[in-house]
Amino acid sequence: MNAIWKSTSAQLKKRRRNRCLLLLALVTFSFCTGLYFLWKPTSPEVSSPAVTAAVDNTTTTISSRPAEKIKDNVDDTVRVRTIQSGDNLSILFDSVKIGQTTMFQILDADESLLALDILRPGNTLTFTVDEENGKLQTLELFIHPGHRVIYRRVAEDSFEYEEVIREGQWTEQLLSGEIEGSFYLSALSAGLTEQETGNITELFDSHLNFARDIHAGDHFQVIRKQQLIDGSLTGQSYIKGVRIFARKHYYNAFLFEDGNYYDEQGESLASAFRRYPYKGKYRVSSSFNPRRLHPVTGRISPHKGVDFAMPTGTLVLATGDGEITRVKNHPFAGKYVEIRHDGRYISRYLHLSRIKVKRGQRVKRGEFIALSGNTGRSTGPHLHYELHINGRAVNPLTAKIPMAAAIPKNKLASFKSQITTDIAFMEQPRPSLPGS
Ligand SMILES: [Zn+2]
């Protein structure tokens, strides 16, 4: 009796502990997702399809190319690998002679964080093994000095993760210039990166035609925030404010505390919906067509969405703010998610491989909700995306989309005082160049 009670109590404790861990993991995950989208990391992403395939089908792909060996300690208990383009976890674990069983235990621990699902070239993995039995004790994923994840062995067959985030300091920098040639080239020569220039172009997308509206002699100012940790730049940065003088007036974009950009009146610059439920460029493999011949059955069946051909494991993003109303596994639609955005709009994402949200959960525009896949009746890895307005499926690529909400009235004063400071910073006299 006593023994039974003890074990039940232990189970209860374990369950409680698991629930706490899950909650903690969820909180850190959403925090990081937020940071990720805000920071717009500058290093290119390499998704690891082989690992995703391994997770889904319990099979493993091991490439023949050995991961580059960087430096190992003399005693060989600490093994460091720098991630290179084309690497996946199997290659990296193989290169340090740690087995697939351990890799799956790490992936199990990473399930709610998914930090290892995207391996960025330049990040490092540090494997520390036990001197006696050669088993992996800790694995550290170093993303940048402000962001590390440590997986620690907690039992014979399991690991737990700890995420180490350091905020450091954010310095403010003014980049400005006059348009010579295109905005793109002028922005690059003012010191903006290609990605930042692309983000700015995207920001003004529905207001300014960069090819037609901007001319030589127009000018721009950009405030960039850069993260400093222990006195050195981490490579993390974001744009705080932009002014572009074109067609005889300023086009403004200022970042507010909610993570969105607004013009000087506090009106949103962004549409309420993203046009595409992912980042990057993917081919439309089948367009919206109410009278399509089904590629598998050959019968006429309406295609109520758009198919984007993309590798399994591509990040799928919510196209607008809303509530998750369905998380299902359907014999034909496969694993899918539905979001209700407000009374009038619904979006659906089909044939997913993994779903990272739960029914009832609120999501934000651009939030990571799932990984694309090839589940259900599908002829190849792709994402099927639907947008419904007033209960009717519309072509998501051409449908009229409303603008996102403006800054709420009670926050407008604080926003306006912030942009007054930003504009003063932008208008500071530029240091005269030597010899000019
Ligand atoms: Zn489709």
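**Strand pairing and the zinc site**

Colleague: Which residue stands opposite V242?
Modeller: A253, in β12, stands opposite V242. Two strands pair if DSSP finds at least two bridges between them; strands are DSSP runs (E, at least two residues), numbered from the N terminus like helices (H or I, at least four).

Colleague: What am I looking at, by the way?
Modeller: A predicted model, where local features need pLDDT of at least 70, side-chain atom pairs count only at pLDDT 80 or more, and totals for chains, interfaces and linings use all residues. Residues are numbered from 1 along each chain as its sequence is written, and side-chain values use heavy atoms, without hydrogens or water.

Colleague: Back to β12. How many bridges join it to β11?
Modeller: Six. Strand β11 covers residues 232–246, β12 covers 249–255, and they run antiparallel.

Colleague: What's the strand order in that sheet?
Modeller: β9-β10-β11-β12-β13. The sheet is open, and its five strands pair antiparallel.

Colleague: Which strands stand at the edges?
Modeller: β9 (169–178) and β13 (261–262). Each has a single partner strand, so one side of each has no neighbour in the sheet.

Colleague: New topic. What are the protein donors of the zinc ion?
Modeller: H303 through NE2, D307 through OD twice, and H384 through ND1, at 2.0 to 2.8 Å. Donors are N, O and S atoms within 2.8 Å of the metal (3.2 Å for Na, K and Ca); water is not among the atoms, so sites may look incomplete.

Colleague: How are the donor residues spaced in sequence?
Modeller: H-x3-D-x76-H. H303 and H384 link distant parts of the chain, 81 residues apart. H303 is in the loop between β14 (283–286) and β15 (306–309). H384 is in strand β22, residues 382–389.

Colleague: Are H303 and H384 buried or exposed?
Modeller: Both H303 and H384 are buried. That means under 20% relative accessible area; exposed is over 50%, partly exposed in between (1.4 Å probe, protein chains only).
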